[in-house]
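Let's take a walk through this fold together. Have the model open and turn it as you read.

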Amino acid sequence: MRLVVAAVGRARDDPAQQLFESYRRRLPWPLELREVRAGGGGDAGREREAAALLKGLPEGAYVVALDGSGKALTSEAFAARLARIRDDGTAVVAFLIGGADGHGASVLTRADTVLSLGPMTWPHLLVRAMLAEQLWRAASILSGHPYHRG
């Protein structure tokens, strides 16, 4: 299984990006980061971002939109969901992180799952790091590694 994180914005030299990279290196699955430019404000900007996030996703990818309106899962439930997706033969799972105004309707329509990291608002660069950590945690749960003590 291969992972793609498609995110609005550029990380540059940010401590949150370093944390993302730290977890990314630990993953048993390859993870590709695709950054797209912010589309500006309002509905039109959200849709420009949505089109950029969706463009070039691998055919047949299982798409997870990270959005405050989504379902919050425990780490164990997230790991179990990834295992089911993997075991169904899915080659690519793509996680989409929207811009400051959230996702455009086309992303939410395309998503196979809409997932929330909780009711609080998080900086987008920190969301990348939090997602990478949860992916590592899921991998550790699935492999029986002692990292997860939930």
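**Starting from the cavity**

Keep in mind that this is a predicted model. Begin inside: the lining of the largest cavity is made up of Tyr62, Val64, Leu73, Phe78, Arg81, Leu82, Ile85, Phe95, Thr113 and Leu115. Elements that supply two or more of these residues are E3, H3 and E5, and H3 is the top contributor with 4 residues. Sort the lining by character and you get 8 nonpolar residues, 1 polar and 1 charged. The space in there comes to about 50 Å³, and the count of cavities of 30 Å³ or more is 1.

Now step back to the sheet. It is an open one, built from 5 strands with parallel pairing, and reading across it gives E2-E1-E4-E3-E5. Which strands stand at the edges? They are E2 (31–36) and E5 (113–116); each has a single partner strand, so one side of each has no neighbour in the sheet. On average, neighbouring strands are turned by 30° against each other, ignoring direction.

For a look at the pairing itself, go to E1 (residues 2–8), which runs parallel to E2 and is joined to it by 6 bridges. If you want one pair to click on, try Ala6, whose bridge partner in E2 is Arg34.

Next, the helices. H2 (residues 42–54) lies across E1, E2 and E4 (92–97), and runs at about 160° to E1. H3 (residues 75–87) also packs on the sheet, where it touches E3 (62–72), E4 and E5. The direction of H3 makes about 135° with that of E4. That brings us back to where we began, with H3 giving 4 residues to the cavity lining.

Technical notes:
Residues are numbered from 1 along each chain as its sequence is written. This is a predicted model: local features need pLDDT of at least 70, side-chain atom pairs count only at pLDDT 80 or more; totals for chains, interfaces and linings use all residues. Side-chain values use heavy atoms; hydrogens and water are left out. Two strands pair if DSSP finds at least two bridges between them. Axes are lines fitted to C-alpha atoms, for helices over the stretch in contact, and angles run from 0 to 180 degrees between N-to-C directions. Contact means heavy atoms within 4.5 Å. On a 1 Å grid over the protein atoms alone, a cavity is a set of points where a 1.4 Å probe fits but cannot get out, and a pocket is an open set with protein on both sides within 12 Å along at least five of seven lines; lining residues have an atom within 4 Å of a point. Grid points are joined across faces, edges and corners, and a volume is the space filled by probe spheres set on the points. Ala, Val, Leu, Ile, Met, Phe, Trp, Tyr, Cys and Pro count as nonpolar, Asp, Glu, Lys and Arg as charged, and the others, Gly among them, as polar.
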